[in-house]
Amino acid sequence: MKWALGYNKLPLRLSSARDETPRGLMNPPFPSNLDNLAYSEAGSRMRDGSLNPAERCNPSAQQSTPPCGSLTKFLSSGLPKIDTDWSKWRLFFCDERLVPIESGDSTYGVYKSALIGTTPLTEDQFIKIDPQLTAEEAAKDYIQQMSVYFPPDSLPRFHMLLLGMGPDGHTCSLFPGHRLLEETSVWVAPITDSPKPPPSRITLTFPVVNNAECCVFAATGASKADIVKRILKDGEALPAGRVQPSNGKLVWLLDEAAGQHVKDVQTGVL
C-alpha cells in the first residue's frame with residue numbers, strides 16, 4: 001500500500017468521501033486497526049476507549065508511507081503496534097529537510113532510529129532523500145526514485161496520506177503565500193526559503209497530494225482549535241484547506257480540544 005504520513009487521535013471525526021471505489025496500484029490488506037496510528041500520539045490515554053478508530057480507506061496492496069513533520073513521534077510509537085505484512089510496505093516522505101540523517105531535523109533519521117529494530121521494516125523500504133544534494137537536485141532525485149513505484153506518465157496515487165498541519169495552516173512544506181502553492185509541473189518541488197527552519201527542503205506538490213485515495217489530517221490540543229476553525233468553518237484559503245482529493249476521501253481526526261469550534265461542521269458522510 002502506498003501512503004504519506006501524518007498523525008493523531010481523537011473523538012471528533014469529520015469525513016468527506018466520494019462514491020468512487022479507490023483504485024490502488026496493488027491490493028494487500030490495509031491494517032484493520034488503523035486507530036493504532038492515532039494511538040501513537042494519544043499514548044496511554046487512548047487505551048480508555050475514548051478514541052474513535054480512524055476512517056478506514058480502501059484496502060490496498062504494497063504499503064508505503066510518507067512521514068510528515070512533527071507526526072514522527074506519534075507514528076514512531078504507533079506503527080510498531082500494527083499487525084500487518086511489513087514486507088509490502090514502502091515508506092515515502094511527503095516532505096523532508098535537507099539535513100544530515102543524524103540531525104534531529106531529519107524525518108528519516110527519526111524513523112530510522114525508532115522503527116528499524118522495533119518493526120520488521122528495513123532501510124530499503126524507506127524511499128529517502130540524499131541530504132548531500134542541493135534542494136533542486138534532491139527534488140529531481142526523489143522524483144526518479146518515485147518513478148520506480150509509480151508510472152512515469154501519470155500522477156502518483158498514494159493509498160493514503162497522513163498529514164500534519166502547522167499553526168499557520170501549512171501542510172507538507174507548502175506554506176501560506178508561497179509560490180509552491182501553485183506548482184503543478186512536478187511531483188516533488190524544492191524549497192530553499194522555508195518560513196520554518198531549516199530553510200532547505202523538498203515537498204510533494206498539490207497535484208500529487210490531491211490525487212491520493214485517502215488524505216487524513218489529525219490535530220490535538222487547544223492550540224490547534226483556532227487554525228482548525230479557520231479552515232473547516234471559516235473556509236480560509238490556507239494550504240491545509242486546499243487538500244481536497246479529486247477522487248478519494250478526506251478525513252479530519254480531532255480531539256475535543258482541537259475540535260471545540262467545529263462541532264457543528266458537517267463535511268460529508270462517514
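**Figure 1. Phe 92, Tyr 149, Phe 150 and Phe 158 form a cluster joined by ring pairs.** This view comes from a predicted model, and a search through the whole of that structure turns up nine aromatic pairs. For Phe 92 and Tyr 149, the ring centres sit 5.5 Å apart with the planes at 90°, so we call this pair edge-to-face. The two partners come from distant parts of the chain, 57 residues apart. Phe 92 belongs to the loop between strand 4 (89–90) and strand 5 (95–97), while Tyr 149 belongs to the loop between helix 4 (135–146) and strand 6 (160–163). Buried or partly exposed? Phe 92 is buried, at a relative accessible area of 1%, whereas Tyr 149 has 22% and counts as partly exposed. The cut-off for buried is under 20%, so Tyr 149 falls outside that class.

**Figure 2. Phe 217 and Trp 252 make a stacked pair.** Here the ring centres are 4.5 Å apart and the planes meet at 20°; stacked requires planes under 30 degrees apart, so the pair earns that label. This is another link between distant parts of the chain: Phe 217 is in strand 9 (residues 214–219), Trp 252 is in strand 10 (residues 249–254), and 35 residues separate them. As for accessibility, Phe 217 and Trp 252 are both buried.

**Figure 3. A look into the second largest cavity.** The model has two cavities of 30 Å³ or more, and the second largest of them has a volume of about 60 Å³. Which residues line the second largest cavity? They are Glu 96, Arg 97, Val 99, Ile 101, Ser 106, Tyr 108, Lys 128, Ile 129 and Pro 131. Sorted by class, this lining comes out as five nonpolar, one polar and three charged residues.

**Figure 4. Helix 3 (residues 107–115) and what follows it.** Tyr 108, one of the residues lining the second largest cavity, turns up again here as a buried residue of helix 3. The other buried residues of this helix are Thr 107, Gly 109, Tyr 111 and Leu 115. Just past the end of helix 3, Gly 117 has a positive phi of about 115°.

**Figure 5. Leu 133 in the loop between helix 3 and helix 4.** With a relative accessible area of 25%, Leu 133 is partly exposed. Which residues does Leu 133 touch, once those up to four places away in sequence are set aside? The list is Leu 98, Ala 138 and Asp 141. Leu 98 is 35 residues from Leu 133 along the chain, yet their C-alpha atoms are 7.9 Å apart.

**Figure 6. Zooming out: the whole chain and a stretch to handle with care.** The protein chain has six helices and 10 strands, and 56% of its 270 residues count as buried. Among contacts with a separation of 6 or more, 80% are between residues 24 or more positions apart. The mean pLDDT is 77, with 71% of residues reaching 70 or more. Residues 4–69, though, have pLDDT below 50, and the model still gives this stretch 250 contacts beyond near neighbours in sequence. Where pLDDT is low, predicted coordinates shouldn't be read in detail.

Note on methods: Residues numbered from 1 in each chain as written. Predicted model: local features only at pLDDT ≥ 70, side-chain atom pairs only at ≥ 80, totals over all residues. Heavy atoms only, no water. 1 Å grid on protein atoms, 1.4 Å probe; cavity = no way out; pocket = protein on both sides within 12 Å on 5 of 7 lines; lining within 4 Å. Points joined across faces, edges and corners; volume = space filled by probe spheres on them. Nonpolar A, V, L, I, M, F, W, Y, C, P; charged D, E, K, R; others polar. Phe/Tyr/Trp six-rings, centres within 6.5 Å; stacked < 30°, edge-to-face > 60°. Helix = DSSP H or I, 4+ residues; strand = E, 2+ residues; numbered from the N terminus. Buried < 20%, exposed > 50% of the residue type's maximum accessible area, 1.4 Å probe, protein only. pLDDT = per-residue confidence, 0-100. Contact = heavy atoms within 4.5 Å.
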